Amino acid sequence: MSMNPLIASLEGKLIVSVQAYPGEPLRTPEIMAAMSRACELGGAAAIRCQGLADIAAIKGRVEVPVIGLWKDGHEGVYITPTLRHARACVNAGADIVAIDATDRPRPDGRPLEDTVAPLKEEGVLIMADCATIEDVRRAVDLGFDMVSTTFSHGTAAIDCGMADGPDLPLLRQAVEEFPGVPVVCEGRVHTPAEARAAIDAGAWAVVVGTAITHPTSLTSWFKAELER
């Protein structure tokens with residue numbers, strides 16, 4: 001089966017995750033859209049973002065593809081947890097929809113297949129956010145267009161330190177098992193060298209968020225180093 005041209009265009013490229021956490025001063029769609037445009041000017045090949053308002057605002061400011069998701073809740077499956085959430089992301093303008101592809105119970109009580117199958121029928125491009133190689137295997141079987149190591153670190157990005165690196169072992173295993181599948185490295189990529197290492201390990205693309213778009217974390221890393 002031939003690969004979608006949009007997915008193919010991301011090979012070897014940088015995807016920037018542009019998100020702000022609740023209560024933070026940057027958490028407005030307008031600011032997220034401006035930051036996304038700045039990342040595009042710096043060479044980002046796609047933008048990953050969350051929330052319907054942010055997706056719509058960013059889609060209106062950038063020309064690169066938008067990977068959209070909807071975080072609903074804070075525990076369990078909360079990244080685009082149901083078919084309703086996924087379709088809403090599409091309607092907001094997402095070119096690709098990121099979906100939690102773990103085996104945890106979903107809030108609508110339905111299996112992941114019930115979200116994936118209709119989206120595939122509707123021609124929606126979907127990205128699987130995975131934690132383990134079992135998640136990757138399931139996602140490939142279900143026909144996801146991309147798989148990602150999003151959840152392999154087991155903790156929120158905001159709780160990761162600068163010294164925490166990406167999960168290259170999982171990345172290598174996924175690439176080895178599924179050589180024809182776009183495997184994205186996401187999570188704890190904090191330096192250009194780590195991004196390069198991920199590509200060298202076989203990543204189709206690399207997602208960087210905190211190290212580019214979260215000044216609160218960046219500031220705290222510098223402060224911590226000065227106080228050592």
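A salt bridge here is a side-chain nitrogen of Lys or Arg within 4 Å of a carboxyl oxygen of Asp or Glu, and a helix is a DSSP run of at least four residues, numbered from the N terminus. Keep both ideas handy as we walk through this structure, which is a predicted model.

Let's begin with the barrel. Eight strands close up in the order 1-2-3-4-5-6-7-8, and the pairing is parallel. From one strand to the next, the twist averages 25°. What holds paired strands together? In general, the strands of a sheet pair through backbone hydrogen bonds, in either a parallel or an antiparallel way. To see where the barrel closes, look at strand 1 (residues 13-17) and strand 8 (residues 205-208), which pair in the parallel sense over four bridges. Lys 13, for example, has Ala 205 of strand 8 standing opposite. Helices come into the picture too: helix 4 (residues 83-92) packs on the sheet, where it touches strand 3 (66-69) and strand 4 (96-100). The direction of helix 4 makes about 160° with that of strand 4.

Now for the charged side chains. How many salt bridges does a search of the whole structure find? The count is 15, and a few of them are worth a visit. In one, the side chains of Lys 59 and Asp 95 meet at 2.7 Å, N to O. Lys 59 belongs to helix 3 (residues 52-59) and Asp 95 to the loop between helix 4 and strand 4, so this pair ties together parts that are 36 residues apart in sequence. Lys 59 is partly exposed, at 32% relative accessibility, and Asp 95 also counts as partly exposed, at 25%.

Another salt bridge joins Glu 177 and Arg 137, with their closest N and O atoms 2.7 Å apart. This one runs between two helices: Glu 177 is in helix 7 (residues 168-177) and Arg 137 in helix 6 (residues 133-142), so parts 40 residues apart in sequence are tied together. Glu 177 has a relative accessibility of 33%, which makes it partly exposed, and Arg 137 is partly exposed at 31%.

Asp 200 and Arg 196 give us a salt bridge inside a single helix. Their closest N and O atoms are 2.9 Å apart. Both residues sit in helix 8 (residues 192-200), four residues apart, or about one turn of the helix. Is Asp 200 buried or exposed? With a relative accessible area of 56%, Asp 200 is exposed, because the cut-off for exposed is over 50%. Arg 196 has 46% and is partly exposed. Elsewhere, Arg 48, Asp 129 and Glu 186 are linked in a network of salt bridges.

What about the rings? The charged end of Arg 104 sits over the ring of Phe 151, 5.3 Å from the ring's centre. As for aromatic pairs, the count is zero.

Finally, check out two loop residues with a positive phi, neither of them glycine. Thr 80 has a phi near 45° and lies in the loop between strand 3 and helix 4. At 0% relative accessibility, Thr 80 is buried. Arg 188 has a phi near 65°, and its place is the loop between strand 7 (183-186) and helix 8. Unlike the buried Thr 80, Arg 188 is partly exposed, with a relative accessible area of 21%.

Terms used
Residues are numbered from 1 along each chain as its sequence is written. This is a predicted model: local features need pLDDT of at least 70, side-chain atom pairs count only at pLDDT 80 or more; totals for chains, interfaces and linings use all residues. Side-chain values use heavy atoms; hydrogens and water are left out. Rings of Phe, Tyr and Trp (its six-membered ring) pair if their centres lie within 6.5 Å; planes under 30 degrees apart count as stacked, over 60 as edge-to-face and the rest as tilted. A charge sits over a ring if NZ of Lys or CZ of Arg is within 6 Å of the ring centre and within 35 degrees of the ring normal. Two strands pair if DSSP finds at least two bridges between them. Axes are lines fitted to C-alpha atoms, for helices over the stretch in contact, and angles run from 0 to 180 degrees between N-to-C directions. Contact means heavy atoms within 4.5 Å. Buried means under 20% relative accessible area, exposed over 50%, partly exposed in between (1.4 Å probe, protein chains only).
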